[in-house]
Amino acid sequence: MKLGFIGTGVIASAVVRGLAGQGHEIRISARSRARSAALVSEMPEVQIADLQDILDHSEVVFLGLMLDTAPEILAALSFPAGLQVVSFMAGADLEQLATLVAPARAAAVMMPFPGIATGASAIMALGDTALLNQIFAPRNTVFGLRDAAELDAYLCAQAVLSPVARLTADAAEWLGTRVSDPAQGEAFLRMLISTSLGQTGAADLVEALNTPGGYNQRLRQHMEAAGMGADLTAGLGKLER
Ligand SMILES: NC(=O)c1ccc[n+]([C@@H]2O[C@H](COP(=O)([O-])OP(=O)(O)OC[C@H]3O[C@@H](n4cnc5c(N)ncnc54)[C@H](OP(=O)(O)O)[C@@H]3O)[C@@H](O)[C@H]2O)c1
């Protein structure tokens with residue numbers, strides 16, 4: 001497909017990298033010069049173009065701008081009616097996107113994670129998930145959401161990733177002071193956690209790790225008694241507000 005990217009920042013760069021070698025023709029904006037130049041040098045299918053050229057020569061354009069600057073940048077452009085636009089911008093729902101890109105089609109809002117650069121990534125999406133699947137599956141998995149409220153809830157809940165990473169880093173540091181190869185220790189923990197959750201539902205995993213008096217049960221119960229579950233729920237509630 002002919003794909004365009006306006007805003008070649010952290011997340012757009014990751015998405016472009018994840019599309020490498022699939023026969024697409026990709027135009028990206030020049031700003032964030034180091035990032036855009038790196039993509040051009042890494043991927044023969046990528047070229048830098050000016051913003052209007054990106055709109056005029058693409059079937060699907062992705063918006064990787066910050067929402068506070070996007071209205072002014074986009075208002076200076078002329079969107080073709082047949083163009084499909086997908087936004088990465090947190091805080092903009094499909095209706096808002098439609099006002100920014102008319103008369104082009106506000107096809108979807110998608111929230112990728114930087115891991116999309118290497119694939120096997122979860123993508124939260126509102127709108128035309130068939131279009132997103134056409135572009136990003138089967139390398140990645142698109143999770144279609146019903147409406148903006150559902151996207152807000154997912155955005156809150158996905159933040160559990162950072163505390164999980166923090167817990168893993170802390171456990172790895174603890175382990176690292178007790179073993180001969182700290183890097184191996186961290187690699188072991190990361191693999192253990194990611195593959196275990198990849199293969200089993202979370203509640204089922206807790207149950208499977210619930211051997212009475214076992215290490216897993218004892219540590220979980222210690223942390224629950226210290227307020228882990230209540231703290232998580234309170235933190236999610238704060239994000240929601
Ligand atoms: N980072 C994530 O993990 C993530 C995940 C999901 C969604 N998002 C959303 O994606 C959007 C971008 O986030 P980000 O983290 O990628 O931020 P970012 O790295 O700051 O990207 C924003 C990009 O917009 C560019 N830009 C600013 N003004 C421009 C203009 N007039 N013309 C062309 N490009 C212009 C910036 O270029 P300069 O660097 O030259 O200013 C930069 O490349 C945000 O709305 C965010 O909510 C981010």
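So, the protein chain has 12 helices and eight strands, where helices are DSSP runs of H or I, at least four residues, strands are E runs of at least two, and both are numbered from the N terminus. This is a predicted model, so to speak of local features we need pLDDT of at least 70, side-chain atom pairs count only at pLDDT 80 or more, and totals for chains, interfaces and linings use all residues. Residue numbers start from 1 along each chain, as its sequence is written.

Okay, overall layout. The C-alpha atoms fit a box of roughly 65 × 40 × 30 Å along the principal axes. There's a domain 1 (2-145) and a domain 2 (159-240), with bounds from an automatic or database domain assignment. Their C-alpha centres sit 34 Å apart.

How much is buried? Of the 241 residues, 27%. Buried here is 20 or more other C-beta atoms within 10 Å of the residue's own, exposed is 12 or fewer, partly exposed is in between, and the C-beta atoms are placed from the backbone.

Now the core. The largest nonpolar one has 49 residues, and Val16, Val85, Ala108, Met110, Ala125 and Leu132 have the most contacts inside it. Strand β6 (residues 105-111) gives the most to this core, six residues. By nonpolar core I mean buried Ala, Val, Leu, Ile, Met, Phe, Trp, Tyr and Cys residues joined through C-beta atoms within 7 Å.

Let's look at strand β5 (residues 84-87), home of Ser87. Ser87 counts as buried because 29 other C-beta atoms lie within 10 Å. Beyond four places in sequence, Ser87 is in contact with Leu63, Ala92, Leu97 and Val109; contact means backbone-placed C-beta atoms within 7 Å. With that same exclusion of residues up to four places away, Val85 touches Val61, Leu63, Leu97, Val101, Ala104, Arg105, Ala106 and Ala107.

On to the ligand. It's surrounded by 22 residues, the closest being Gly7, Gly9, Arg31, Ser32 and Ala90; the cut-off is a backbone-placed C-beta atom within 6 Å. Helix α1 (residues 10-18) supplies the largest share of that shell, three residues. The shell splits into 14 nonpolar, seven polar and one charged.

Last stop, helix α9 (residues 182-199). Its 18 residues should span 26 Å at 1.5 Å a residue, and the end C-alpha atoms are indeed 26 Å apart, so the two agree; the expected span is 1.5 Å times one less than the number of residues. And α9 is hardly covered, with zero buried residues among its 18.

Terms used
Two residues are in contact if their C-beta atoms, placed from the backbone, lie within 7 Å. Ala, Val, Leu, Ile, Met, Phe, Trp, Tyr, Cys and Pro count as nonpolar, Asp, Glu, Lys and Arg as charged, and the others, Gly among them, as polar.
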